[in-house]
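User: I would like to go through this model with you, one feature at a time. Please keep the answers short and show the reasoning.

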Amino acid sequence: MPGMVAAANSTHVPDAARAHAEDLGAFVTASPSSYHAAAEVARRAQAAGYAPLDETAAWDVEPGGRYVVVRDGSAIAFVVPAQAGPTTPFTVLGTHTDSPGFKLKPRPTTGREGWWQAGVEVYGGPLLNSWLDRELELAGRLVLRDGSEHLVRTGPFARIPQLAIHLDRAVNDGLTLDKQRHTQPVFGLGDLADADVLAELAARVETAQGVVDAADVAGYDVVVADTQPPRAFGAGGSLWASGRLDNLLSTHAALVALLGADPADLTSVAVLAAFDHEEIGSESRSGAAGPFLADVLGRVSRALGAGGEDRRRAFAASVCVSSDVGHAVHPNYPERHDPANHPVAGGGPILKINANQRYATDAHGAARWQAACAAADVPTQEFVSNNAIPCGSTIGPITATRLGIRVVDVGVPILSMHSARELTAVVDPWYLSRAMAAVLAG
């Protein structure tokens, strides 16, 4: 396609790309769960002057304003152009905040043979073997009996131990893990009667009345997260390894792009929509298949004086860039990829295309993406799946279906997708954010 730039052979990484990666690392570290990620989006937005909105209150949205709203593990931040009116369109950067892994079950304290264990349920489609023998933490939200919500994280706390090769001599011929029996992490030793996972979580919450007791916890949404810090490595420090790149990489890139947008320069309402529950189908009140984005855009339209006709005109002129990580060609398994389209790490963000609309990119969306990458001086490349290996999907087709706005699916090529620790090139998240900024600029 026009505008495509081949990957450079050099391991030189611009200082700006390194700085972006380091900030991405800080964002990932602050976001062990989708609830933490949404809170971090809101924290950074508010630090940049965005006004927080409460969904239960009336909104005072005005041209030239910047706002952010959180619903559970999702966050939407937006900038209204200074000259916005009833038919002003929207430019949406769509991402997701959740990652595949494990979620704490009801009655979460279990164990046997002197080991204390946490009862967990598989969330999404993680590469199970990648979670073995890592120091893990529990993180998420607790809701107390008084209705208050508190974010909580344990730091290194648990581990899913692998069976020694001496007890399974054929393990290197093919590891098979039973999702129920083999994935329950250990977190202590002793009499099971003395163990209490909820007490460990509650003890890390402090209120005006003091430390919370486990009996005060009325509900919780808690996941398991890897605690190894993100880092650069490899020749020239050109590679970047981190947990939860799927899809905090895109969320961070979009947030950086949005925070750099000036209301005086915009011709459309610039929006970051970071959704929860993408890894399990998006069908929730805070997922892309739910009403969150439509609710927010509708309230913004009404604040700008739009009626039904005006809103439909605005949506017809709007666009959503749905960004999620994609597959770089794996050097050990090149036959798993399309033989003609080989996106490489370091070659810039990918344009995702699928004939069966698993990705929502069409010709107009592709042209707009190519133009944005050219304007940002960013290389880009295409991804299409091998016909024998169907691809996954994204929030893109869901958003196009719900709102009727044009959607283009993009991302960054990575290896080890859905691993506890994923791999990308240091330059690619920076490239993605620059291209997103160009999209917002029009």
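User: In which helix is N247 found?

Analyst: This is a predicted model. The peptide bond from D246 to N247 is cis, with omega near 10 degrees. As for its place, N247 is found in residues 245-259, which make up helix α4.

User: What is the order of the strands in the open sheet?

Analyst: The sheet is built from nine strands, and their pairing is mixed. At its edges are β1 (51-52) and β19 (381-383), each of which pairs on one side only. The order is β1-β2-β3-β15-β4-β16-β20-β18-β19.

User: Which residue in β19 stands opposite K352?

Analyst: Strand β18 covers residues 350-352. Three bridges join β18 to β19, and the two strands run parallel. Opposite K352, in β19, stands F383.

User: How many of the residues of strand β15 are buried?

Analyst: Strand β15 spans residues 269-275. On one side V269, V271, A273 and F275 are buried, and on the other A270, L272 and A274 are buried. Both faces of β15 are thus covered. The count of buried residues in β15 is seven of seven.

User: In which sense does β3 pair with β15, parallel or antiparallel?

Analyst: Strand β3 holds residues 74-79 and is joined to β15 over five bridges. One of the partnerships is that of I76 with A273 in β15. The sense of the pairing between β3 and β15 is antiparallel.

User: Which residue in β15 is the bridge partner of L93?

Analyst: Strand β4, residues 90-96, pairs with β15 over seven bridges. That pairing is in the parallel sense. The bridge partner of L93 in β15 is L272.

User: Why are R44 and E40 separated by about one helical turn?

Analyst: R44 forms a salt bridge with E40, and their closest N and O atoms are 2.9 Å apart. Both residues are buried. The separation is about one helical turn because R44 and E40 are four residues apart in helix α2, residues 34-47.

User: How many residues apart in sequence are the parts tied together by D133 and R159?

Analyst: The side chains of D133 and R159 meet in a salt bridge, at 3.6 Å from N to O. D133 lies in the loop between β6 (115-123) and β7 (136-144), while R159 lies in the loop between β8 (149-153) and β9 (186-189), so the parts that the pair ties together are apart in sequence by 26 residues.

User: What is the N to O distance in the salt bridge of E135 and R159?

Analyst: E135 and R159 also meet through their side chains in a salt bridge. The pair links distant parts of the chain, with E135 in the loop between β6 and β7 and R159 in the loop between β8 and β9, 24 residues apart. E135 is partly exposed at 42% relative accessibility, and R159 is partly exposed at 30%. The N to O distance for E135 and R159 is 2.4 Å.

User: How many salt bridges does the structure hold?

Analyst: A network of salt bridges links D72, K103, R141, E149, D221 and R285. The pair R44 and E40 is joined by a salt bridge too. For the structure, the number of salt bridges is 17.

User: Does S282 count as buried or exposed?

Analyst: S282 is not a glycine, although its phi is positive at about 75 degrees. The place of S282 is in the loop between β15 and α5 (292-303). The relative accessibility of S282 is 1%, and buried means under 20%, so S282 counts as buried.

User: What is the relative accessible area of D377?

Analyst: D377 has a positive phi of about 55 degrees although it is not a glycine. D377 sits in the loop between α7 (363-375) and β19. D377 is exposed, and its relative accessible area is 63%.

User: Which residues form the negative surface patch?

Analyst: One of its members is D213, found in the loop between β11 (210-211) and β12 (217-226). D213 is partly exposed, with a relative accessible area of 46%. The negative patch is formed by D146, D196, D213 and D216.

Notes. Residues are numbered from 1 along each chain as its sequence is written. This is a predicted model: local features need pLDDT of at least 70, side-chain atom pairs count only at pLDDT 80 or more; totals for chains, interfaces and linings use all residues. Side-chain values use heavy atoms; hydrogens and water are left out. Patches are made of residues with over 30% relative accessible area and no salt bridge: like charges are joined within 9 Å, nonpolar side chains (Val, Leu, Ile, Met, Phe, Trp, Tyr) within 5 Å. Accessible areas come from the Shrake-Rupley method with a 1.4 Å probe; for residues, only the protein chains shown count as cover. A salt bridge is a side-chain nitrogen of Lys or Arg within 4 Å of a carboxyl oxygen of Asp or Glu. Lys and Arg count as positive and Asp and Glu as negative; His and the chain ends are not counted. The place of a charge is taken as NZ of Lys, CZ of Arg, CG of Asp or CD of Glu. Buried means under 20% relative accessible area, exposed over 50%, partly exposed in between (1.4 Å probe, protein chains only). Two strands pair if DSSP finds at least two bridges between them.
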